[in-house]
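Biologist: Please give me a close look at one part of this structure, the place where two neighbouring helices pass each other. After that, I would like to hear how the charged side chains pair up elsewhere.

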Amino acid sequence: VAVFALASAFGYYLLRLVSRDLLSGFKWYKALAKRDSGIRMFELYLLSIVNAGILTGYSVYKLSTNWRDTTGCKRLLASVMGYFIHDFIAVRSTWREDIPTVIHHVFGIALVAGTFRVETAHKLAPRFAIIELSTVFLSTMWLIKGLGLDHTREYKLTLLAFVASFFATRVVIMPTSIYQLWDD
């Protein structure tokens, strides 16, 4: 599991470098360099979408087939751990000024690490990871905003998708799942 987590962190790093190479020829991408941490944060939000997409895909698949089947859960958790490790290291220059981000990453790493050996947590992963659907739209909003396009129709549609997915997954599904688990 540790090897897979480290490989995942390295994979996210490589994906960041590849995306940088692929996007570096575009004028809009070069314009991001003029903004405070524009390119770095753009790349990290792009990776956030990838991570949230993996979690959401896993959840949708498991919830639509057999959510009690834990096949693939440890690899999913290791992938998430790799993402958190990469992201935490990538924002190291902001650690002193941005304590909430440090707490977020430390908490995330500890939470994921704590679930590796708990089989019950593996069965719950699809129900709880589905909340990352809203992260896809949140990070997409930040990408659009980073490009200075937060006044566009696309931004407003993404905002609407974020609000709807946030409400559905974090306000309706999450508490319902917690209640059902509590009631079992």
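**A crossing and some charged pairs**

Modeller: Happy to. Helix H7 makes a left-handed crossing with helix H8; left-handed means that the near helix is turned anticlockwise from the far one by less than a right angle, while clockwise would make it right-handed. Please keep in mind that this is a predicted model, in which local features need pLDDT of at least 70 and side-chain atom pairs count only at pLDDT 80 or more, while totals for chains, interfaces and linings use all residues. Residues are numbered from 1 along each chain as its sequence is written, and side-chain values use heavy atoms, with hydrogens and water left out.

H7 covers residues 133-146 and H8 covers residues 153-183, and their axes come within 8 Å of each other, crossing at roughly 155°. The helices themselves are DSSP runs, numbered from the N terminus (H or I, at least four residues; strands are E, at least two). An axis is a line fitted to C-alpha atoms, for helices over the stretch in contact, and the angle between N-to-C directions runs from 0 to 180 degrees. H7 and H8 are therefore roughly antiparallel, because angles over 145 degrees count that way (under 35 is roughly parallel, 65 to 115 roughly perpendicular, and the rest oblique).

Which residues meet at this crossing? From H7 they include Leu133, Phe137, Leu138, Met141 and Ile144, and from H8 they include Tyr155, Thr158, Leu159, Phe162 and Phe166. Contact here means heavy atoms within 4.5 Å.

Thr158, which sits in H8, is a good residue to zoom in on. Leaving aside neighbours within four places in sequence, Thr158 is in contact with Phe137, Thr140, Met141 and Ile144. Its relative accessible area is 11%, so Thr158 is buried; buried means under 20%, exposed over 50%, and partly exposed in between, with a 1.4 Å probe and protein chains only. Ile173 also belongs to H8, but its relative accessible area is 34%, so Ile173 is partly exposed. Not counting residues up to four places away in sequence, Ile173 touches Ile130 and Ala168. The C-alpha atoms of Ile173 and Gly82 are 26 Å apart, with their positions 91 residues apart along the chain.

Now for the charged pairs. Side chains of opposite charge can pair when their charged atoms come close. The working rule for a salt bridge is a side-chain nitrogen of Lys or Arg within 4 Å of a carboxyl oxygen of Asp or Glu, and the structure holds three of these. One of them joins Glu43 and Arg16 at 2.9 Å, N to O. This pair ties together distant parts of the chain, with Glu43 in helix H3 (residues 38-64) and Arg16 in helix H1 (residues 2-23), 27 residues apart. Another joins Arg20 and Glu43 at 2.8 Å, N to O. It too links distant parts of the chain, from Arg20 in H1 to Glu43 in H3, 23 residues apart. Arg16, Arg20 and Glu43 thus form a network of salt bridges.

Are the members of that network buried or exposed? Glu43 counts as buried because its relative accessibility is 1%, and Arg16 counts as buried because its value is 10%. Arg20, at 31%, counts as partly exposed.

Asp69 and Lys62 also share a salt bridge, at 3.3 Å, N to O. Asp69 is partly exposed, because its relative accessibility is 30%, while Lys62 is buried, because its relative accessible area is 3%. Lys62 lies in H3 and touches Trp67, Asp69, Thr70, Thr71 and Pro126, not counting residues up to four places away in sequence. The C-alpha atoms of Lys62 and Ala125 are separated by 9.3 Å, although the two residues are 63 apart along the chain.

One more helix is worth a glance on your screen. H4 (residues 73-90) has 18 residues and reaches 25 Å from its first C-alpha to its last, close to the 26 Å expected; the expected span is 1.5 Å times one less than the number of residues. H4 is mostly covered, with 14 of its 18 residues buried. In the loop between H4 and helix H5 (99-115) you will find Arg92, which is exposed because its relative accessible area is 52%. The C-alpha atoms of Arg92 and Gly146 are separated by 20 Å, and these residues are 54 apart along the chain.
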